[in-house]
Amino acid sequence: MENINCIAEHDYFYTFCEREPMVNILVTTVRLDSHPPPQKMINSKKRKTAYRAFTAWIHGFLGKGNRRPIPSCVVKLVCEEFPEEHQEYMGFKLHYDNLAEFIFLE
């Protein structure tokens, strides 16, 4: 990835994570939704799909519960492209999936 300062400057980022027609295709095919999401959730689905596309591009297949933080520049651009009406976003969440050290917290 020579000649770029930020991963968000790469052509693949625009193509798969920021370009709405491609994200719409990914929402339909990769996410395997059986019906369109409610209108109020459409940008949320698009953001999550863009994040998954980015993660697959950078890290490959990670498997269930295996998460990686996404650079803030990527999150910022995806949120600008697919904004939430009230600017309330979930943020990165660790996946514990019943690890022994966390079972006592349940």
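In this predicted model, Phe54 is found in helix H3. Its relative accessible area is just 4%, so Phe54 counts as buried, the limit being under 20%. Leaving aside residues up to four places away in sequence, Phe54 touches Ile7, Phe13, Cys17, Ile70, Pro71 and Val74. One of these partners, Phe13, sits 41 residues from Phe54 in sequence, yet the two C-alpha atoms are 7.0 Å apart in space.

It helps to step back to the whole chain here. The chain has 5 helices and 0 strands, and read from the N terminus the pattern is simply α-α-α-α-α. Of the 106 residues, 24% are buried. If contacts between residues at least 6 apart in sequence are taken, 61% of them join residues at least 24 apart.

Now for helix H1, which spans residues 11-18 and has Phe13, Cys17 and Glu18 as buried residues. These three cover an arc of only 70 degrees around the axis, so they end up on the same side of H1. The cover over the buried residues of H1 includes H2, H3 and H4. Two of the names are familiar by now, as Phe13 and Cys17 are also among the residues that Phe54 touches.

How do H1 and H4 cross? Their axes come within 11 Å, at an angle of roughly 45 degrees. That angle makes H1 oblique to H4, because it falls outside the ranges for roughly parallel (under 35 degrees) and roughly perpendicular (65 to 115). As for handedness, the crossing of H1 and H4 is right-handed. On the H1 side the contact is made by Phe13, Cys17 and Glu18, while H4 brings in Val74, Leu77, Val78 and Glu81. Val74 turns up in the Phe54 story too, being one of the residues that Phe54 touches.

Charged side chains pair up as well: searching the whole structure gives 3 salt bridges. In one of them Lys46 pairs with Glu20, with 2.4 Å between the closest N and O atoms. Lys46 belongs to helix H3 (residues 42-59) and Glu20 to helix H2 (residues 20-29), so this pair ties together parts that are 26 residues apart in sequence. The partners do not share a label for accessibility. Lys46 is buried, at a relative accessible area of 7%, whereas Glu20, at 32%, is partly exposed.

Another salt bridge links the side chains of Glu84 and Arg47, at 2.6 Å from N to O. Arg47 is in helix H3 and Glu84 is in the loop between helix H4 (72-81) and helix H5 (100-103), so the bridge ties together parts that are 37 residues apart in sequence. Arg47 is buried with a relative accessible area of 7%, and Glu84 is partly exposed with 21%. Why does Glu84 not count as buried? Buried means under 20% relative accessible area, and Glu84 has 21%, so Glu84 is labelled partly exposed instead.

The remaining pair is Lys76 and Glu80, whose closest N and O atoms are 2.6 Å apart. Both residues belong to helix H4, and they are 4 residues apart, about one turn of the helix. Glu80 is partly exposed, with a relative accessible area of 48%.

Terms used. Residues numbered from 1 in each chain as written. Predicted model: local features only at pLDDT ≥ 70, side-chain atom pairs only at ≥ 80, totals over all residues. Heavy atoms only, no water. Salt bridge = Lys/Arg side-chain N within 4 Å of Asp/Glu carboxyl O. Helix = DSSP H or I, 4+ residues; strand = E, 2+ residues; numbered from the N terminus. Buried < 20%, exposed > 50% of the residue type's maximum accessible area, 1.4 Å probe, protein only. Arc of directions from axis to C-beta. Contact = heavy atoms within 4.5 Å. Axes fitted to C-alpha atoms, helices over the stretch in contact; angles between N-to-C directions. Parallel < 35°, antiparallel > 145°, perpendicular 65-115°, else oblique. Left-handed = near helix turned anticlockwise from the far one by under 90°.
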